[in-house]
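Work through the exercises below with the model open. Try each task before reading its solution.

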Amino acid sequence: VATQSAWGPQQGAAGACMYFIARGKCRLTHRPSDSKLKVRETVLSTGQQFNARACLFVEPLNEDAHSLTTTQAWRLEKVDLVDVLLQHPDWFLDAKRRLNSEYARHLPPCPIATLQGCGLFSEGFPDALVERVHRHCLSPVVAEKGTSLVQVGLKVKEVFLLLSGKANYKDRRYGFGESIGTEQRLSDEPFWQSSVTVNERVDGYILDLSGMVATLQKRSRVHSSNPQVLALLKTLASNESSS
């Protein structure tokens, strides 16, 4: 039982348990490490849970938890949860996949400035088309430390836009606000020459390049004389055919 106060270890600390709320309300507050991103707050109530990620992944707590009312909750210790899941590896993997998918669905929107800065859109590219790509061609992704965003040898069919975390491609490390895949797709590198490995949990978005081409082609009549649009479509189509 917790009254209107902080609930256990806060953001950045190691998580030792997860909670299932039986009665009352809690507020979760996530403070991004980059000050350019907004603080996120979520209110949880009866039937909901929190701190699951810190129990299933090698990650610190991602939010502060405060009770908004007198709150009753069941506590599940991390050691007990992991002990059971290790006896059923398929359950463990499925729980991680479902938790990543759930977390991805609740990511904040990708800032349009992050998309504009990915290197695909040169000066003079119509803002209306960038906004259309932003609405229709992005999908959220969450990847934990030690996994890969993409495997070596696959076609470069996407660009990864990082909102938080760190990932390596070849000898370079990428972080907040950076993109991975633009240089490869616009050059003579149609295949990933190494895996994109996650060093620190990544929250971000995937830009589907095939979907972007289809979106731009639908609007080609409106911007048929724009040299930047024509050049980008030609480059992507050329690289696709060469791969």
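A polar contact here is a pair of N or O atoms within 3.5 Å, where one must be able to donate a hydrogen and the other to accept it. The structure is a predicted model.

**Exercise 1. Find the side-chain polar partners of Arg-201, and say whether Arg-201 is buried or exposed.**

Step 1. Locate the residue. Arg-201 sits in strand β12, residues 196–208.

Step 2. Check the accessible area. The relative value for Arg-201 is 13%. Buried means under 20%, so Arg-201 counts as buried.

Step 3. Look for polar partners. The side chain of Tyr-103 makes a polar contact of 3.2 Å with that of Arg-201. The side chain of Asp-203 makes another with Arg-201, at 3.0 Å.

Step 4. Widen the view. Set aside neighbours within four places in sequence. Arg-201 is then in contact with residues including Arg-53, Glu-59, Asn-62, Val-142 and Glu-144.

**Exercise 2. Place Asn-100 and list its contacts beyond four places in sequence.**

Step 1. Asn-100 belongs to helix α3, which spans residues 89–105.

Step 2. Its relative accessible area is 11%. The cut-off for buried is under 20%, so Asn-100 is buried.

Step 3. Side chain to side chain, Asn-100 makes a polar contact of 2.8 Å with Arg-53.

Step 4. Leave out neighbours within four places. The contacts of Asn-100 are then Arg-53, Phe-57, Val-142 and Glu-144. Arg-53, Val-142 and Glu-144 also appear among the contacts of Arg-201.

**Exercise 3. Draw the open sheet of three strands and mark its edges.**

Step 1. Write the order: β3-β2-β5, with antiparallel pairing.

Step 2. Mark the edges. β3 (40–44) and β5 (64–67) each have a single partner strand, so one side of each lacks a neighbour in the sheet.

Step 3. Add the turn. Ignoring direction, neighbouring strands are turned by 20 degrees against each other on average.

Step 4. Count bridges on the β3 side. Strand β2 (residues 26–30) pairs with β3 over five bridges. His-30 has Arg-40 as its bridge partner, and Arg-27 stands opposite Val-43.

Step 5. Do the other side. Four bridges join β2 to β5. Here Leu-28 stands opposite Ala-65.

Step 6. Judge the cover of β2. Four of its five residues are buried.

**Exercise 4. Which residues of helix α2 are buried, and what covers them?**

Step 1. Helix α2 runs over residues 78–86, and its buried residues are Leu-81, Val-82 and Leu-85.

Step 2. Look down the axis of α2. These residues fall within an arc of 95 degrees, so they line one face of the helix.

Step 3. Find the cover. It includes β1 (17–23), α1 (52–56), β6 (72–77) and α3.

**Exercise 5. Which residue caps the N-terminal end of α7?**

Step 1. Asp-208 is the cap: one of its side-chain oxygens lies 3.2 Å from the backbone nitrogen of Ser-210.

Step 2. Now scan helix α7 itself, residues 209–218. Leu-209, Gly-211, Met-212, Val-213, Thr-215 and Leu-216 are buried.

**Exercise 6. Where is confidence lowest, and where highest?**

Step 1. Take the whole protein. The mean pLDDT is 87, and 91% of residues reach 70 or more.

Step 2. Go to the extremes. Helix α8 (residues 227–242) is lowest, with a mean of 76. Strand β10 (residues 172–174) is highest, at 95.

Note on methods. Residues are numbered from 1 along each chain as its sequence is written. This is a predicted model: local features need pLDDT of at least 70, side-chain atom pairs count only at pLDDT 80 or more; totals for chains, interfaces and linings use all residues. Side-chain values use heavy atoms; hydrogens and water are left out. Helices (H or I, at least four residues) and strands (E, at least two) are DSSP runs, numbered from the N terminus. Buried means under 20% relative accessible area, exposed over 50%, partly exposed in between (1.4 Å probe, protein chains only). Contact means heavy atoms within 4.5 Å. pLDDT is the predictor's confidence in each residue, from 0 to 100. Two strands pair if DSSP finds at least two bridges between them. Axes are lines fitted to C-alpha atoms, for helices over the stretch in contact, and angles run from 0 to 180 degrees between N-to-C directions. The arc is that of the directions from the helix axis to the C-beta atoms.
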